[in-house]
Amino acid sequence: PSSSCWTARAALVHPAWWAAAVLLLVNDHYLKGAGVLAGWVTGKLSDFAGLLMAPVVVAAVVAPRSRGAFRLAHVAVGGVFALLKLSPACSAAWCALGGALGMTWRVVSDPTDLLALPMLLVSEQLFGHVLATSLLQAWQRPLAMLRGGVGLIGVVATSVPPPRAPVLTPK
């Protein structure tokens, strides 16, 4: 298809996008801290899965009409990711922003997480050639938007909130 009819939302129906979303959600909500895998493994799993799917979510929200704009979403996600991983001050500001929005985010600044950046190239190559949504069935359009919402929650709100102080009850 020509880039004039291409849309990022069509990538939300791709099985690889869904596999990354499921991996990210299971990893962040069940595997992290469960002792099943080492902490560095679960951290890297989140980074790799997140960088595969996050640019698609950003592009689906912004709704670019060209593959060039889709590539820019990848560059933007990579830039923010690098800032968060290299700068504890940026990570703290990001977490504060999440707190102001009522979300509990935990970001660990770890330069070794930059090893996941090549997933942006995989994402662009894998999802940058998806057929236009006009070729999707009518029932798939609302489903794609729902998938985008699930992806947005998975990418943005994956940190497990810290435990609350124990509640003391009178005897």
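**Exercise 1. Classify lysine 44, then find its charged partners.**

At 15% relative accessibility, lysine 44 counts as buried. The structure is a predicted model. Decide which aspartates pair with this lysine, and state what each pair ties together.

*Solution.*
Step 1. Apply the cut-off. Buried means under 20% relative accessible area. Lysine 44, at 15%, is therefore buried.

Step 2. Take the partner aspartate 113. Its side chain meets that of lysine 44 in a salt bridge of 2.6 Å, N to O. Aspartate 113 lies in the loop between H4 and H5 and lysine 44 in helix H2, so the pair ties together parts 69 residues apart in sequence.

Step 3. Take the partner aspartate 110. Here the salt bridge to lysine 44 is 3.5 Å, N to O. Aspartate 110 sits in the loop between helix H4 (88-100) and helix H5 (118-127), while lysine 44 is in helix H2, so this pair joins parts that are 66 residues apart in sequence.

Step 4. Check the burial of both aspartates. Aspartate 113 is buried, at 5% relative accessibility. Aspartate 110 is partly exposed, with a relative accessible area of 23%.

**Exercise 2. Extend the pairs to a network.**

Which residues do salt bridges with shared partners join into one network?

*Solution.*
Step 1. Look for another partner of aspartate 113. Lysine 85 forms a salt bridge with aspartate 113, and the closest N and O atoms are 3.0 Å apart. This pair links distant parts of the chain: lysine 85 in helix H3 (residues 67-86) and aspartate 113 in the loop between H4 and H5, 28 residues apart.

Step 2. Classify lysine 85. Its relative accessible area is 9%, so lysine 85 is buried.

Step 3. Join the pairs. Lys44, Asp47, Lys85, Asp110 and Asp113 form one network through shared partners. The model has six salt bridges by the count.

**Exercise 3. Describe helix H2 from its geometry.**

Where does H2 bend, and by how much?

*Solution.*
Step 1. Compare span with expectation. H2 has 24 residues and reaches 33 Å from its first C-alpha to its last. That is close to the 34 Å expected at 1.5 Å a residue.

Step 2. Locate the bend. H2 bends by about 35° at leucine 51. Proline 55 follows within four residues.

Step 3. Look just past the helix. Alanine 63 takes a positive phi of about 60° just after H2.

**Exercise 4. Find the nonpolar surface patch.**

Which helix gives the most residues to the nonpolar patch?

*Solution.*
Step 1. List the members. Val58, Val61, Val62 and Leu152 form the patch on the surface, with about 340 Å² of accessible area together.

Step 2. Assign the helix. Helix H2 (residues 39-62) gives the most, with three residues.

Step 3. Check one member. Valine 58 is in helix H2. Valine 58 is partly exposed, at 33% relative accessibility.

**Exercise 5. Find the two sides of helix H1.**

Why do the buried residues of H1 line one face of the helix?

*Solution.*
Step 1. List the buried residues. In helix H1 (residues 15-31) they are Trp17, Ala20, Ala21, Leu24, Asn27 and Asp28.

Step 2. Look down the axis. The buried residues of H1 fall within an arc of 140°, so they line one face.

Step 3. Turn to the other side. Pro15, Ala19 and Tyr30 are exposed there.

Step 4. Look just after H1. Glycine 33 takes a positive phi of about 80°.

Terms used: Residues numbered from 1 in each chain as written. Predicted model: local features only at pLDDT ≥ 70, side-chain atom pairs only at ≥ 80, totals over all residues. Heavy atoms only, no water. Patch = residues over 30% accessible without salt bridge, like charges linked within 9 Å, V, L, I, M, F, W, Y side chains within 5 Å. Areas by Shrake-Rupley, 256 points an atom, 1.4 Å probe, with all protein chains shown as cover. Salt bridge = Lys/Arg side-chain N within 4 Å of Asp/Glu carboxyl O. Helix = DSSP H or I, 4+ residues; strand = E, 2+ residues; numbered from the N terminus. Buried < 20%, exposed > 50% of the residue type's maximum accessible area, 1.4 Å probe, protein only. Expected span 1.5 Å × (residues − 1). Bend = angle between axes of the 7 residues up to and from the residue. Arc of directions from axis to C-beta.
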